[in-house]
Amino acid sequence: MSDSTYTPPKVWQWDSANGGKFAHINRPISGATHDKELPKGKHPFQLYSLATPNGVKVTILFEELLALGIVDAEYDAFLIDISEGDQFSSGFVGVNPNSKIPALVDNSGDKSICIFESGAMLLHLAEKFDAFIPKDSAGRAQCLSWLFWQMGSGPYLGGGFGHFYAYAPEKFEYPINRFAMEVKRQLDVLDKHLANNRYMCGDQYTIADIAIWPWYGALMLNKMYEAAEFLQVHEYKNLSRWTNEINEREAVIRGRMVNRNWGDEDEQLPERHSSEDFDR
Ligand SMILES: N[C@@H](CCC(=O)N[C@@H](CS)C(=O)NCC(=O)O)C(=O)O
């Protein structure tokens, strides 16, 4: 059953050569590795990000707000290449001491506000523009429950399942089994909920959908870890219906492109400074 003969030493040691695909950027210490200011554009919001699922949540919300005609939600999106260590610049760490994309600066008021954690950004923007969040307290509580569900559950999919299934230097049965079990359970939670709800909060499309779709929708569409067959995602019919509906939204198509610097050329927009950038 066990693949491993590893016996932990009394004291953990940092072995920088043994961390899998991201070994070269992972460190057991926080803080900046080099001095570099962040670039700044002209819009009220400055986003520093990459088109991973956590980054895409925020660009989808910006594009949805702009699609509603909310021009005050204009933003500049600068590329942070995490494989190059851009998240460890002094400028980035100044906005997000946790050195992870996305990081956002809201310059729309008298004072600049720095925000880190994608869920905090979704809530900040939804409240600021009074959009994509239910107004009644029961609906709002439901929306926040699913938003925080995603923030708590996503790491089992990404850091757990995804890491051991796709990125670890070797395939180990124990962690792949453990996290595949948990991810299947999560998919079933979503599927059962969506059997009776068009979106996560009933008929209203909200930041809960915007948080969940980039992770679980991408998995359903086989755009994540190439794990659709392994996890038999076609079994989750309601989740599949929801995934496909959101996948067709114009703002979602745009949001997925922003800060993407890999894959199909016509699906990439590494930096975004205007709606016209999508037409070039
Ligand atoms: N809980 C955070 C997670 C952010 C996160 O894990 N970002 C990853 C990319 S998806 C990252 O920047 N990794 C770089 C690193 O770990 O050095 C959020 O939702 O904002």
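In this predicted model, S99 is placed in the loop between α2 and β3, where its phi is near 55°, a positive value in a residue other than glycine. P102 lies in the loop between α2 (90-95) and β3 as well, and the peptide bond that leads from I101 to P102 is cis, with omega near 0°. S99, I101 and P102 also belong to the surroundings of the ligand, together with I25, T52, N54, I82, Q87, K100, E117 and S118. When the residues of this shell are sorted by class, 4 are nonpolar, 5 are polar and 2 are charged.

The strand that follows this loop, β3, is part of an open sheet in which 4 strands are arranged in the order β2-β1-β3-β4, with mixed pairing. The edges of the sheet are formed by β2 (75-79) and β4 (113-116), each of which pairs on one side only, and the twist from one strand to the next averages 15°. Strands of a sheet pair through backbone hydrogen bonds, in either a parallel or an antiparallel sense. Strand β1 (residues 45-49) runs parallel to β2 and is joined to β2 by 5 bridges, with A77 of β2 serving as the bridge partner of L47. The sheet is packed against by α1, which touches β1, β2 and β3 (103-106) and whose direction makes about 150° with that of β1. At the other pairing considered here, β3 and β4 are antiparallel and share 4 bridges; V105 has C114 in β4 as its bridge partner, and the two strands, β3 and β4, form a hairpin with 6 residues between them.

Helix α1 also takes part in a helix-helix contact. The axes of helix α1 (residues 53-67) and helix α6 (residues 207-220) come within 9 Å and cross at roughly 140°, an angle that does not exceed the limit of 145 degrees over which helices count as roughly antiparallel, and α1 and α6 are therefore oblique to each other. The crossing in which α1 passes α6 is right-handed. On the side of α1 the contact involves P53, V56, K57, I60 and L61, which meet I207, I210, A211, P214, W215 and A218 on the side of α6. By class, the residues of the contact of α1 with α6 comprise 10 nonpolar, no polar and 1 charged.

A further set of residues in α6 is engaged with helix α7 (residues 237-247), the two helices packing at an angle of about 110° with their axes 10 Å apart; α6 is therefore roughly perpendicular to α7. In this case the crossing, in which α6 passes α7, is left-handed. The residues D209, W213, Y216, G217 and M220 in α6 meet L239, S240, T243, I246 and N247 in α7, and the contact of α6 with α7 divides into 5 nonpolar, 4 polar and 1 charged residues.

Another helix pair is formed by helix α3 (residues 118-129) and helix α4 (residues 137-167), which pack at an angle of about 160° and have axes 10 Å apart, so that α3 is roughly antiparallel to α4. The crossing of α3 and α4 is right-handed, and the contact is made by G119, L122 and L123 of α3 together with L147, F148 and M151 of α4. By class, the contact of α3 with α4 has 5 nonpolar residues, 1 polar residue and no charged residues.

Conventions
Residues numbered from 1 in each chain as written. Predicted model: local features only at pLDDT ≥ 70, side-chain atom pairs only at ≥ 80, totals over all residues. Axes fitted to C-alpha atoms, helices over the stretch in contact; angles between N-to-C directions. Parallel < 35°, antiparallel > 145°, perpendicular 65-115°, else oblique. Left-handed = near helix turned anticlockwise from the far one by under 90°. Contact = placed C-beta atoms within 7 Å. Nonpolar A, V, L, I, M, F, W, Y, C, P; charged D, E, K, R; others polar. Near = placed C-beta within 6 Å. Pairing = 2+ DSSP bridges.
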